[in-house]
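Here's a quick briefing on one helix and on the empty spaces in this fold. Have a look at the model first, then read on.

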Amino acid sequence: MANANVYLGFENAPKRALLKAMGLTDSQIAKPLIGVVNSYNEVVPGHAHLQTVARAVKDGVLAAGGTPLEFNTIAICDGIAMGHDGMRYSLPSRELIADSVESMVRAHAFDGLVFIPNCDKVVPGMLMAAARCNLPSIFISGGPMLSIDGLDLNSVFEGVGGRAAETVSDAQLHELEDRACPGCGSCSGMFTANSMNCLCEAIGIALPGNGTIPAVYASRLRLAKRAGEQIMTLTERGVRARDVMTAAAFRNALRVDMALGCSTNSVLHLLAIADAADVKLDLRMFNEVSETTPNLCRLAPAGSHHMQDLDASGGVYAVIAELLNAGKFDGGAMTVAGVTFAEAAKRYSRSGEVIRSVESPYSATGGLAVLFGNIAPEGAVVKRSAVAPEMLRHSGPARVFDNEESAIRAIYDSKIKPGDVVVIRYEGPAGGPGMREMLNPTSAIAGMGLDRSVALITDGRFSGATRGAAIGHVSPEAEAGGAIALLRDGDIITIDINAYALNVELSDAELDARKAELAPRTRRLNGYLRRYAKSVSSASRGAVVES
């Protein structure tokens, strides 16, 4: 056991005394000590119920002969933080979560870890910590929120756009507000939180059902108990996080990402998690996998289905089984269930039309695409599966804004016309700082009926709930002097998503001349964001904080 040298022996009597101060007995201290990493709080609906999940995990650990010790991390709700400066802290919180978990784990001796995340930055932050600490680890999320009558949080955001366009009344918007989020859990579409919780299954670090079983189902608590029991098996066998989080696991995750049509944020997070696990992953690999991976699911915002529908249709493992049967998934990769994917997926198959067959997909290529060109020589990301067919190729004049707020005002004031390409810059990892989500402007565009005629590009990022020709993560970002900083109103921008291309119709000489005239920005930052802006990498490398 990892804790033997720390807590056993006469010289460690002071440490045992401190553990006994919390009521632990000699026999509890002698058992495997399992850290239960919980992100419970009373601020975020995806996390408000995690005390119950943690209790189930601890019951499983106790039943299997271990001693659970719980500690907590922070968790930010992107939906609540969105639209003001609070959103600047969302992506940076991922690094705080990873660092704080690493600090707790390194400072204390645990034999194994059970991670209980749910929302957007908590899942990747904990995955980064798991890779760094490399102890026996298993993930059990809090599960998705239910959708009633097809509504979700995005319905409310788009309702705001409709209210601005006077196509939605105050009473209708209030009804959306009351009904869209019926209870606890991560927001109910294939948004970022659910994308990452599903990808935990594809990586192999979570048991089947982790990403799809609704938060309010009793089967979620049964899964949590099984996770608590299974961490004891992993600890006994010495199976560590990086034994599961291998290069094959990440390639499998890319396959499932494309098949499910996950959030564009999954690109940022997979790059960062792979970096923590010392696995090579780059943006061009996303396109390579996308080219040969059919898109099998179109959940909200790309379609009308929600997470409960995917769960009822077989869940993530039914998608994995479909890919396995087509030779598009590495079945030899190991899972925390103690068996390979080939073995674990045997009893899963799709039912209904929520998951399509490989022979009859929504599209022959994956749900995400990474675009390159003179605007984004290091890449930009779009959720291809959520783009209307007529917007897969688009050319139009740029309407340029230096922040999200000015763009939203222009959209609501009807200054954006069909055919325009809205450009929002200085919202990147360093430029924002914090790479805010642009769900408000994209929802405004959709709510005002422009999502089939207006594109948006930004060095910021998008919510997993975003739909339309919304292209984010443009790299290099404006703050670093990237080409997006050189764009002017009226420049003709050409987008060709299926050709993975994003360009402005300007010569290299003109771009060079504009860059020579570009004046550096002056701004005042303090606290964490000041430190973050100084050390964060490009979005093309996962926006990781570098020393």
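Helix H11 covers residues 218–237, which makes 20 residues, and it spans 29 Å from first C-alpha to last, close to the 28 Å expected at 1.5 Å a residue. Bear in mind that this is a predicted model. H11 also turns up in the lining of the largest pocket, so it's a handy place to start, as the points below go from the helix to the pockets and then to the cavities.

**Helix H11**
- The buried residues of H11 include Arg220, Gln230 and Thr235, alongside Leu223, Ala224, Ala227, Gly228, Ile231, Met232 and Leu234.
- Residues three or four places apart on an α-helix point the same way, because there are 3.6 residues to a turn.
- What do the buried residues of H11 pack against? Their partners are strand S1 (33–38), helix H4 (50–63), strand S3 (112–116) and strand S4 (137–139).
- Just after H11 comes Gly238, with a positive phi near 70°.

**Pockets**
- The largest pocket holds about 310 Å³ of space.
- Its lining is made up of 19 residues, with Leu207, Pro208, Gly209, Arg347 and Tyr348 closest to the centre.
- H11 and helix H17 (315–325) are the elements that each give two or more residues to that lining.
- By class, the lining of the largest pocket splits into ten nonpolar, five polar and four charged residues.
- The second largest pocket comes in at about 250 Å³.
- Lining the second largest pocket are Tyr7, Lys15, Leu18, Leu19, Met22, Leu69, Glu70, Phe71, Met104, His108 and Phe110.
- Helix H2 (13–20) and strand S2 (67–72) each supply two or more residues to the lining of the second largest pocket.
- That lining counts eight nonpolar residues, one polar and two charged.

**Cavities**
- How many cavities of 30 Å³ or more does the whole structure have? The search turns up three.
- The largest cavity contains about 220 Å³ of space.
- There are 22 residues around the largest cavity, and Asp78, Gly79, Asp120, Leu153 and Cys187 lie nearest its centre.
- Helix H5 (78–81) and helix H10 (192–203) are the elements giving two or more residues to this lining.
- Twelve nonpolar, seven polar and three charged residues make up the lining of the largest cavity.
- The second largest cavity has a volume of about 60 Å³.
- Among the residues lining the second largest cavity are Lys383, Phe462, Arg467 and Ala470.
- Its lining has three nonpolar, six polar and two charged residues.

How values were computed
Residues are numbered from 1 along each chain as its sequence is written. This is a predicted model: local features need pLDDT of at least 70, side-chain atom pairs count only at pLDDT 80 or more; totals for chains, interfaces and linings use all residues. Side-chain values use heavy atoms; hydrogens and water are left out. On a 1 Å grid over the protein atoms alone, a cavity is a set of points where a 1.4 Å probe fits but cannot get out, and a pocket is an open set with protein on both sides within 12 Å along at least five of seven lines; lining residues have an atom within 4 Å of a point. Grid points are joined across faces, edges and corners, and a volume is the space filled by probe spheres set on the points. Helices (H or I, at least four residues) and strands (E, at least two) are DSSP runs, numbered from the N terminus. Ala, Val, Leu, Ile, Met, Phe, Trp, Tyr, Cys and Pro count as nonpolar, Asp, Glu, Lys and Arg as charged, and the others, Gly among them, as polar. The expected span of a helix is 1.5 Å times one less than its number of residues. Buried means under 20% relative accessible area, exposed over 50%, partly exposed in between (1.4 Å probe, protein chains only). Contact means heavy atoms within 4.5 Å.
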